[in-house]
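Thanks for coming. I will walk through one structure this morning, starting with the overall picture and then moving to one sheet and a few cysteines. Please have the model open as I talk.

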Amino acid sequence: TWGMAKFTRRYLTQALRQLVAEKGRSDNVISTGELSQVLAALQATVEEQQESDGLAACGDAHHSGCSVAVAVVTPARCIRGAWIGDCECVFGGTKDGSEARIVARAHVTAGKKNELPQLTRAIGLLDNTAVSHEAEEFYAGVIDSMGPRVVLLGTAGLWQGLDRLQTAKDCFNAGPHRAQEEVERLTMACQATSTKQCTMEDNIPDMTLLALWVA
C-alpha cells in the first residue's frame, strides 16, 4: 500500500546512508548479510509499530505490505543488493546484450493456469502465514574489472510486459545520459500493453523501473 511504501522508502533512505557512512572512505566493503539485515530491521520496526497503542506510521501491516529491492555501490566499488517480494533485478552490459543476466527473481509462486502468481515473501502482510519476511541478497561483481554496466530494478508488474534481457540491452545502449529517457519509454510502453490486456475487473499491476548506470 501507499502508506507502507512511503514509510519503507523513508526508513531505507536513512538506514542505507548510515550503513555506507559507517564504512567511510576506506577499503571496507559491505559484507554478505548486511543488506538483508537492514531489511530484517525494517520488518522488525513494522512489527513493533503494530504493537504500539498509537497510529502506526507504516499503516496497517497486518493486511498490507510492500516489496523492496536495493542495490548499493560499495566503497570498494562492488555492487551488492538485496530484495524481497515481487521485484526483480537485471544486470546488463555490452551492446549486443550478451552479458545481460537476471540476478534476483521475484518471490512469487509459479502460478497455475488462469491463476495469478502469489507472493511468497514481503515486508508486512503479518496476517498472511504463507508469506515469509526473509530477504535475499545478490552480488554483481567488482565494477573496475567488468567495465560499464547497467543495473535495473523493476517490480513484477513491469516484467509482465517487457522482455528482461532485451530491456537491459536497450537501457545499456541508451547510455548514461539517456538512461532516464529510455526508462520512461519502456515503462509507458508496458503500461499501455497492460491496459489493453486488463478487463474492468482486473487490477493493473504496479510498474516501476529504476536504472543504475555504473562505470
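**Overview**

Of the protein's 215 residues, 42% count as buried. Please keep in mind that this is a predicted model. The accessible surface comes to about 12,000 Å², and carbon and sulfur atoms account for 50% of that surface.

On confidence, the protein has an average pLDDT of 81, and 84% of the residues score at least 70. Where is confidence lowest, and where is it highest? The low end is helix α3, residues 156–159, with a mean of 72. The high end is strand β6, residues 123–124, at 94. As a general caution, coordinates should not be read in detail where pLDDT is low.

Now the secondary structure. There are five helices and nine strands. Along the sequence the pattern is α-α-β-β-β-β-β-β-β-β-α-α-α-β. As for contacts, take those between residues at least 6 apart in sequence: 64% of them join residues at least 24 apart.

**The sheet**

Next, please find the open sheet. Four strands form it, in the order β5-β4-β8-β9, with antiparallel pairing. Which strands stand at the edges? They are β5, residues 101–104, and β9, residues 209–214. Each has a single partner strand, so one side of each is left without a neighbour in the sheet. From one strand to the next, the twist averages 25°.

Let me go across the sheet pair by pair. Strands β4 and β5 are antiparallel and joined by three bridges; here F91 stands opposite R101 in β5. Between β4 and β8 there are six bridges, again antiparallel, and G92 stands opposite V150 in β8. Strand β8, residues 149–155, is joined to β9 by six bridges, and these two strands also run antiparallel. In that pair, G154 stands opposite L209 in β9.

A helix packs on this sheet as well. Helix α4, residues 164–174, touches β4, β5, β8 and β9. The direction of α4 makes about 130° with that of β8.

**Strand β4**

Stay with β4, which spans residues 87–92. How many of its residues are buried? Six of its six are, so to speak of β4 as mostly covered is fair. The cover is on both faces. On one side the buried residues are C87, C89 and F91, and on the other they are E88, V90 and G92.

**Cysteines**

That brings me to the cysteines. How many disulfides does a search of the whole structure find? The search finds zero. Take C58, which is in no disulfide: the nearest cysteine sulfur is that of C66, 9.2 Å away. A disulfide would need the two sulfur atoms within 2.5 Å. C58 is at 1% relative accessibility and therefore counts as buried.

C87, which we met in β4, is likewise in no disulfide. For C87 the nearest cysteine sulfur is also that of C66, at 9.0 Å. Is C87 buried or exposed? Its relative accessible area is 4%, so C87 is buried; the cut-off for buried is under 20%.

**To close**

To recap, we have an open sheet of four strands, paired antiparallel, with helix α4 packed on it. Within the sheet, β4 has both faces covered. The whole structure has zero disulfides. That is all from me.

Note on methods: Residues are numbered from 1 along each chain as its sequence is written. This is a predicted model: local features need pLDDT of at least 70, side-chain atom pairs count only at pLDDT 80 or more; totals for chains, interfaces and linings use all residues. Side-chain values use heavy atoms; hydrogens and water are left out. Two strands pair if DSSP finds at least two bridges between them. Axes are lines fitted to C-alpha atoms, for helices over the stretch in contact, and angles run from 0 to 180 degrees between N-to-C directions. Contact means heavy atoms within 4.5 Å. Buried means under 20% relative accessible area, exposed over 50%, partly exposed in between (1.4 Å probe, protein chains only). Accessible areas come from the Shrake-Rupley method with a 1.4 Å probe; for residues, only the protein chains shown count as cover. pLDDT is the predictor's confidence in each residue, from 0 to 100.
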